[in-house]
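Hi,

Here is the structure I said I would pass on. Have a look at it first, and then read my notes below.

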Amino acid sequence: MRHQVIIAGLGDTESALEDSRSIPEMVLAAVQTALADAGIDYGAIDSVVTASVDLFDGITASNIAVTEVVGAVMKPETRISADGLAAIAHGACQIWSGAYETVLVVAHAKTSMARYQELTQWAMDPIHVQPLGVDFLTCAGLQARLLAHGDAGADRRWAQIAADRRGRASRPLAPASSVEEILASKPVALPLRQGMCAPMGDGACAIVLRGAATGAQGPVLRGIGYDLEPHALGDRDLTHWHGLERALQRACKTAELQRAYAHFDFAEPSCLFAHEEELFTAAVKLREDTEISADGGLLAACVPVVAGMSRLATATRQLRGAEDGGRRALVHGTWGPVAQGQVVAILEGTPL
Amino acid sequence: MNERISVDVEMRQSWRYASGAAMERFCEGLRNKRIEALRCEGCGRRYLPPRPFCGNCHLHLSHWVPVAQEGVLEAWTVVCLPFLDGRTGTVRNGPYGMGLVRLDGADTTLNHYLAETDPSRLAVGLRVRAAWRDDLRGAIDDILHFEVMQ
């Protein structure tokens, strides 16, 4: 029988346009908070999974900067170069398999260190795409144009989504703006305007996963699924997040849920652009009473790599605060150009 | 509290990618203003840019098919930010047009520049045609950009 995985502790730094701390200092703060939240110390950690991207950190094997502060010295450590929620998937598998009982998962990024959009060029094919200067923002502009084709109201709807998400955040990295202000904001990759894009910043997040045998309390990680689309934009149907549909199907299977009947009280999507929220809702087919992006989500404040884990942290807080303790959340992460990689996690307050 | 100290690091390094047999033939074709795709014998999909393997059928691709120099604009954007050209180290300022072009004879689209930067003159579904550089050298930017056909 598969072991149950509990979200036992979480800690994150507040997202900032520029956090003056070093990466290890930032990560240490998140880890210490997570360990205290779980009521354990470093000695209880069996294994560590870190998520970071070398390009963003400016060093190869970017986990070497955090080896000590995540407690990985003389411990098994795995590094994921993708969204932090994919690192959660690997950590959960270690517990599900019975290999370990307590796994610390940590993600970090500092976009203030370099020119983030320029760096994303280097994630494209070096022979026939990179030389043209195509970056993730350009890819998103192409996708948004496809979606807006024949849909005169698209940009206003996207502006509404961005205004709403930013308006509900306590400390957004971009100022709250009206729909009209967003529609008049600087064009970046038409039809996308600055106000429709997630503002990028610095941050770290740490989450303690524990097997139920440890006696840990907290929301249960019931299922995880992920999927990878082809890398080339020209090979993909950019009008749908088919990868998300497949990832959710897999997550429901691991959670032993019927996809058609699985209801989520909370959804925490990873949307770097306002139009992506429409792709998300179309792919997962949420009921109208599902609360989306309770804290404003990534359209209010986004730290790459940390993104999906920050959504997991928000969903965990939602479930901890839920009065009946038996509610379900859908958490989402992406990576790559126009969300080539998709990962979802299903959380429950207590088994429904 | 003392002022935080930060250290600037600039890395200068270069890489030389082996393009692979399929891309070599594609680039050699560009040098002669010829565009070719690779067709999958399993699903029939004609891949452009060509690649050695079909990710859907898991088949090695070796059947070359000719592709026209004109086709349909499947998606476009006008980028308003500058970008750093990694091959020359120079900055290209916006606005510039970028498109996904499905050339006649191919089933996938090609990323490339558009000559047009006026959004009111661009639309999904327009016919476009390749315009070539004078000094062809066997690279993706031997195609200067795609022009909207009148």
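What follows is a quick tour of a helix, a few single residues and some salt bridges.

One thing to keep in mind from the start: this is a predicted model.

**A helix in chain A**

Let's begin with helix H3 of chain A, which covers residues 84–96. How far apart should the ends of its 13 residues be, at 1.5 Å a residue? The expected span is 18 Å, and the end C-alpha atoms are indeed 18 Å apart, so the two agree. H3(A) is also largely enclosed by the rest of the structure, because 11 of its 13 residues are buried. Among them are Leu85(A), Ile88(A), Gln94(A), Ile95(A) and Trp96(A), and several small residues are on that list too, including Gly84(A), Ala86(A), Ala87(A) and Gly91(A).

Both ends of H3(A) are worth a click. At its start, a side-chain oxygen of Asp83(A) comes within 2.9 Å of the backbone nitrogen of Leu85(A). Just past the other end, Gly98(A) has a positive phi of about 90°.

**Inside or outside?**

Next, three residues to compare. Is Gln143(A) buried or exposed? With a relative accessible area of 1%, Gln143(A) is buried. You'll find Gln143(A) in helix H5 of chain A, residues 136–148. Setting aside residues up to four places away in sequence, Gln143(A) touches Leu238(A), Trp241(A), His275(A), Glu276(A), Leu279(A) and Val338(A).

Over in chain B, Leu110(B) sits in strand E8, residues 110–114. Leu110(B) is buried as well, with a relative accessible area of 1%. Apart from neighbours within four places in sequence, its contacts include Leu48(B), Pro49(B), Leu100(B), Ile140(B) and Phe146(B). As for Met23(B), the C-alpha atoms of Met23(B) and Leu110(B) are 14 Å apart in space, with their positions 87 residues apart in sequence.

Ile5(B) is the opposite case: its relative accessible area is 78%, so Ile5(B) counts as exposed. Ile5(B) belongs to the segment before helix H1 (21–31) of chain B. Together with Val7(B) and Val9(B), Ile5(B) makes up a nonpolar surface patch with about 400 Å² of accessible area.

**Salt bridges**

How many salt bridges does the structure hold over all chains? The count is 33. Here are a few to look up.

- Arg250(A) pairs with Asp227(A), and their closest N and O atoms are 2.6 Å apart. Arg250(A) is in helix H8 (residues 242–254) and Asp227(A) in strand E8 (residues 220–228) of chain A, so this pair ties together parts 23 residues apart in sequence. Arg250(A) is partly exposed at 40% relative accessibility, while Asp227(A) is buried at 7%.
- Arg311(A) bridges to Glu268(A), with 2.7 Å between the closest N and O atoms. This pair links distant parts of the chain, namely helix H10 (residues 307–321) and strand E9 (residues 266–268) of chain A, the two residues being 43 apart. Both Arg311(A) and Glu268(A) are buried.
- Arg127(B) and Asp104(B) have their closest N and O atoms 2.6 Å apart. Arg127(B) is in strand E9 (residues 127–132) of chain B, and Asp104(B) is in the loop between strands E7 (96–103) and E8. Arg127(B) is partly exposed at 31% relative accessibility, and Asp104(B) is partly exposed at 30%.

Finally, Asp164(A), Arg165(A), Arg168(A) and Glu277(A) are joined in a network of salt bridges.

Cheers

Note on methods:
Residues numbered from 1 in each chain as written. Chains lettered and ligands numbered in written order. Predicted model: local features only at pLDDT ≥ 70, side-chain atom pairs only at ≥ 80, totals over all residues. Heavy atoms only, no water. Helix = DSSP H or I, 4+ residues; strand = E, 2+ residues; numbered from the N terminus. Expected span 1.5 Å × (residues − 1). Buried < 20%, exposed > 50% of the residue type's maximum accessible area, 1.4 Å probe, protein only. Polar contact = N/O pair within 3.5 Å; in protein donor to acceptor, adjacent residues only side chain to side chain. Patch = residues over 30% accessible without salt bridge, like charges linked within 9 Å, V, L, I, M, F, W, Y side chains within 5 Å. Areas by Shrake-Rupley, 256 points an atom, 1.4 Å probe, with all protein chains shown as cover. Salt bridge = Lys/Arg side-chain N within 4 Å of Asp/Glu carboxyl O. Contact = heavy atoms within 4.5 Å.
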